[in-house]
Amino acid sequence: MGTPAYVYDAETIRANYRALKAAIGDLPHEICYSVKCNSNYSILRLLHGLGVGVDIVSGGELYRSLRAGFDPSSVVFSGVGKTREELRNAIKSGVGLINVESDGELQSLISVAEDLKKTVDYGLRVNPDVTAEAHPYTSTGHGAAKFGVALADVADIVASAQASGSVRLRSVGVHIGSQITDPGPYARAVEKIVAVAAMLREKDALTLDCIGIGGGFGIGYAGKVGMDLEALFSLIREPLKASGLKVLMEPGRSIVGSSGFLVSSVLYCKRSGGTNFAILDAAMNDLLRPSLYQAEHGLSVLQPVGSEEKEWDFVGPVCESGDFLALGRTLSGVAPGALVAIEQAGAYGFSMSSHYNSRRRPAEVLLDGERFAVIRTRDEFAEIVTNEVVDLEWENRD
Ligand SMILES: Cc1ncc(COP(=O)(O)O)c(C=O)c1O
């Protein structure tokens with residue numbers, strides 16, 4: 001398929017899933033894979049085969065999930081700003097649970113449900129005001145974040161909805177952020193959400209039967225250590241069990257992140273301003289995380305050219321100084337024609353890619369033991385412009 005190309009290993013995805021299941025143990029639970037982190041059809045099919053549900057955040061992700069064969073009842077619709085059209089389609093499709101994040105959104109849900117003469121199961125995402133160490137852009141559980149409803153508002157919001165016969169509270173939950181490696185903030189968030197659930201049940205919210213702990217379990221990027229899932233669940237298992245509710249979780253990265261590699265060729269090498277630059281054929285449009293979050297991914301040389309060892313900045317061809325994939329890496333075998341793999345690229349890699357600089361998004365390949373298959377071909381140039389209108393009526397009028 002040439003380069004750049006994403007390559008995913010199916011067995012790593014299965015192993016990550018098994019490791020999570022082992023850590024969860026005997027806690028009654030349901031795993032809803034967070035589609036946003038890698039939404040390729042074949043990856044969704046693989047996960048469907050493992051028996052997970054899905055957590056989605058848009059009408060597009062609903063479309064993808066149903067297309068991949070997920071039963072609508074196994075779909076949880078999350079996200080801070082669902083449109084009435086998205087709510088309507090979700091209800092009509094029979095989505096299992098709609099998580100709302102504000103009173104306004106709940107009122108929209110009630111009104112759409114009334115229009116459709118349906119009773120809809122909803123969950124309330126609560127902002128537990130817990131700070132977890134993560135990049136500011138992926139930290140979502142602190143009080144100043146746009147996500148969830150404030151703890152102090154929960155009782156009133158639920159009470160106002162209870163008067164309507166069109167919605168039924170099934171779940172309260174949190175999602176405190178992404179790439180979190182410390183179990184501590186989860187324990188604090190769980191304590192708060194368990195207390196919220198108990199308070200609501202005391203107030204007769206008897207349809208409440210699930211409690212959400214979100215996703216966000218961190219992985220080991222570039223040789224660092226990810227979340228110790230055993231340690232996490234040994235901390236939160238008992239309070240969750242004691243709640244008597246089924247635990248919903250929405251992991252993404254911890255399932256697919258370590259399975260993926262972005263394979264790229266070194267186009268040119270040059271020295272400038274005291275830095276050795278290796279210019280790759282992959283760029284920020286293919287893998288945005290380093291530019292957006294200063295994320296560090298592992299990088300290894302798959303096919304070396306020569307053997308000289310140097311410190312390199314690996315950059316892309318896009319016209320931005322922020323276009324880099326890895327900085328300050330000491331490696332040998334880096335020269336034009338060498339092949340490198342940017343590691344831990346299975347989550348928020350292709351799904352955050354774009355056509356910036358009118359670049360074709362990369363191909364995607366799935367390995368499974370001795371087999372491999374192209375699961376998405378590289379874009380054609382025509383696909384980059386496919387929605388552009390080329391016959392403006394006022395063009396060339398005179
Ligand atoms: C509401 C929600 N749930 C789950 C996730 C998945 O997080 P992760 O991929 O870190 O597990 C996200 C990611 O941002 C999210 O916003």
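How many nonpolar, polar and charged residues does the shell around the ligand have? In this predicted model, the shell has four nonpolar, 10 polar and three charged residues. The ligand is surrounded by 17 residues, and the closest are Ser-34, Ser-178, Gly-215, Gly-252 and Arg-253.

Ser-34, one of these closest residues, belongs to strand E2, which covers residues 29-34, and following this strand leads from the ligand into the sheet. Strand E2 pairs in the parallel sense with strand E3 (residues 53-56) over three bridges, and within E3 the residue opposite Ser-34 is Asp-55. Strand E2 also pairs with strand E10 (residues 246-249), again in the parallel sense and over three bridges; here Ile-31 has Met-249 of E10 as its bridge partner. Helix H2, made of residues 41-50, joins E2 and E3 in a β-α-β unit that is right-handed.

From the strands we can turn to the nonpolar interior. In soluble globular proteins, nonpolar side chains tend to be buried together. The largest nonpolar core of this model comprises 105 residues, and Ile-98, Leu-109, Val-172, Ile-193, Ile-211 and Ile-342 are those with the most contacts inside it. Helix H7, spanning residues 183-202, gives this core its largest share, namely seven residues. Both domain 1 (10-255) and domain 2 (258-382) take part in this core, each supplying at least three residues.

Note on methods. Residues are numbered from 1 along each chain as its sequence is written. This is a predicted model: local features need pLDDT of at least 70, side-chain atom pairs count only at pLDDT 80 or more; totals for chains, interfaces and linings use all residues. A residue is near a molecule or strand if its C-beta atom, placed from the backbone, lies within 6 Å of it. Ala, Val, Leu, Ile, Met, Phe, Trp, Tyr, Cys and Pro count as nonpolar, Asp, Glu, Lys and Arg as charged, and the others, Gly among them, as polar. Two strands pair if DSSP finds at least two bridges between them. Helices (H or I, at least four residues) and strands (E, at least two) are DSSP runs, numbered from the N terminus. A crossover is right-handed if, with the strands pointing away from the viewer, the path from the first strand over the helix to the second runs clockwise. A nonpolar core is a set of buried Ala, Val, Leu, Ile, Met, Phe, Trp, Tyr and Cys residues joined through C-beta atoms within 7 Å. A residue is buried if 20 or more other C-beta atoms lie within 10 Å of its own, exposed if 12 or fewer, and partly exposed in between; C-beta atoms are placed from the backbone. Domain bounds come from an automatic or database domain assignment.
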